[in-house]
Amino acid sequence: MSFEFLKNEQRIDFIKKYPQLRIMGNKYRLLDWIGQTLTELDFNTALDGFSGSGCVGYLLKCMGKRVNSNDFLNFSYHIANALIANSDSLINNDELKKIIAFNNKRKHFVTNKFKNIFYNKEDLNFFDNTWANLQTILNPFKRSLIIAALCRASLKKQPRGVFTTITAGNGKYDDGRSDLRKSIQSHFIESIALFNSLIFDTGHNHQATCEDIFEINPSRYDLVYFDPPYVPRSDDNCYTKRYHFLEGLSCYWTGVEILEESVVKKLKKKYTPFSYRKESNQSFRKLFHRFRDSIIILSYSSNGYPDRKELEQLLIEAKGNDNVEVVSMQHTYNFGSHDKVSNERKHVEEYLLIGA
Ligand SMILES: C[S@@+](CC[C@H](N)C(=O)[O-])C[C@H]1O[C@@H](n2cnc3c(N)ncnc32)[C@H](O)[C@@H]1O
């Protein structure tokens, strides 16, 4: 990716270092195109309403905008709080040593609950131990940085990057990646170093929030970027189902409901109207209406529902005929080698619907 549209060399360095976190539908490989499209527009404040891996919000930060990065999942919130809202809090070497030091007062929740499900005993123990040590860290940005690093470590070591089936000890989904052979601790240490290197101060007060999009005050943004989930073709597109382990890890499973009968100890689904065919049209109408005073950018692709024409029409309802434009590009999604995904779903046309 070139990111030539960014004028300040330093910011180019930052955005180039942002890792591709394996969150379904992430726009990492489209950042250059999204950024180039955004530079054509006049705005200073921006909302990334469905932040996922946080890469678009981080791009906006690198572009010098004041950003609120929002997602209703807690682990996404911590990624954004650590890397976007955070201007200057890093984990130094002494803190890192304390965080990974043996803690004989640790609980054994993860070790017991997730025994033989995704990770070996040493890795499970690392999660319990780190969480116990995290209690000594009070700075909210540092806490988020540690939680985000735990999540990245956990994703890196998980075959296919999803938590839907038992993967511990069976080698079934071993794709040969060296990441699968490293300990969670070594992924964690590497993630802390990487995340430390991404933190910089733009002079703006950025924010991360963990809200349903319809709870966000619409009056504060010149531009809003929306990348909601697609209506699934099967029930396989649910974020809570795929990433329940990260969601639980991000709060040490407090205040969440574990579905005990599920073999991988999933969490109760978080309801979103964007996942249901019957509700999605109305939800887009409501979303566009709510944020009609801002420039609205919607990321969508040809394999999604509703289709482009319907969405364009809904955006015109909110912004008027003359103010809506669509830009597109061809894109190939990288699904894990074990995902049986048709060519139609892999090769898609990506759209940015712009309501200026
Ligand atoms: C397609 S992903 C976003 C990917 C993101 N743009 C990226 O590049 O990583 C959709 C996100 O929407 C979030 N989400 C779904 N329904 C939501 C809602 N009602 N309010 C806020 N966030 C929601 C999901 O948790 C998920 O992270």
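**View 1. Tyr 230 and Tyr 300, two buried tyrosines that form a ring pair.** In this predicted model, Tyr 230 and Tyr 300 are both buried. The ring centres of Tyr 230 and Tyr 300 lie 5.1 Å apart and the ring planes meet at 80 degrees; planes over 60 degrees apart count as edge-to-face, so this pair is edge-to-face. The contact joins distant parts of the chain, since Tyr 230 belongs to the loop between strand 4 (223-226) and helix 10, whereas Tyr 300 belongs to strand 5 (residues 295-301), with the two positions 70 residues apart.

**View 2. Phe 127 and Phe 245 within a cluster of aromatic rings.** The model has a count of 31 aromatic pairs, and one of them is the edge-to-face pair of Phe 127 and Phe 245, with 5.5 Å from centre to centre and 65 degrees between the planes. This pair likewise links distant parts of the chain, as Phe 127 sits in helix 7 (residues 121-134) and Phe 245 in helix 10 (residues 239-249), 118 residues apart. Phe 127 and Phe 245 are both buried, and ring pairs connect them into a cluster whose members include Phe 109, Phe 114, Phe 118, Tyr 119, Trp 131, Phe 163, Tyr 252 and Trp 253.

**View 3. The surroundings of the ligand.** The ligand has 21 residues around it, of which Lys 27, Ser 53, Asp 71, Asp 227 and Thr 272 come nearest. By class, this shell is made up of nine nonpolar, seven polar and five charged residues. Oxygen atoms of the ligand take part in several polar contacts: one lies 2.8 Å from a backbone N or O atom of Lys 27, one is 2.6 Å from a side-chain N or O atom of Ser 53, and one is 2.7 Å from a side-chain N or O atom of Asp 71. Of the 600 Å² of accessible area that the ligand has on its own, the protein covers 99%.

**View 4. Arginine charges over tyrosine rings.** The charged end of Arg 160 is placed over the ring of Tyr 173, at 4.4 Å from the ring centre. In a second such arrangement, the charged end of Arg 277 lies over the ring of Tyr 305, with 4.0 Å to the ring centre. Tyr 305 also precedes a cis peptide bond, the one that leads to Pro 306 and has omega near 0 degrees. Pro 306 is located in the loop between strand 5 and helix 12 (308-319).

**View 5. His 206 and its contact with Val 67.** His 206 is situated in the loop between helix 9 (184-198) and strand 3 (207-209). With a relative accessible area of 4%, which is under the 20% limit, His 206 is buried. The side chain of His 206 reaches the backbone nitrogen of Val 67 at a distance of 3.0 Å.

**View 6. Residues with positive phi, and the loop between helix 10 and helix 11.** Most residues other than glycine have a negative phi. Phe 3, however, has phi near 55 degrees; it is found in the segment before helix 1 (9-17) and counts as buried at 2% relative accessibility. Lys 265, also not a glycine, has a positive phi of about 60 degrees. Lys 265 lies in the loop between helix 10 and helix 11 and, at 17% relative accessibility, counts as buried. The loop between helix 10 and helix 11 (277-290) also holds Leu 259, which is partly exposed at 25% relative accessibility. The C-alpha atoms of Leu 259 and Lys 269, ten residues apart along the chain, are separated by 9.6 Å.

Notes:
Residues numbered from 1 in each chain as written. Heavy atoms only, no water. Near = heavy atom within 4 Å. Polar contact = N/O pair within 3.5 Å; in protein donor to acceptor, adjacent residues only side chain to side chain. Areas by Shrake-Rupley, 256 points an atom, 1.4 Å probe, with all protein chains shown as cover. Nonpolar A, V, L, I, M, F, W, Y, C, P; charged D, E, K, R; others polar. Phe/Tyr/Trp six-rings, centres within 6.5 Å; stacked < 30°, edge-to-face > 60°. Helix = DSSP H or I, 4+ residues; strand = E, 2+ residues; numbered from the N terminus. Buried < 20%, exposed > 50% of the residue type's maximum accessible area, 1.4 Å probe, protein only. Lys NZ or Arg CZ within 6 Å of the ring centre and 35° of its normal.
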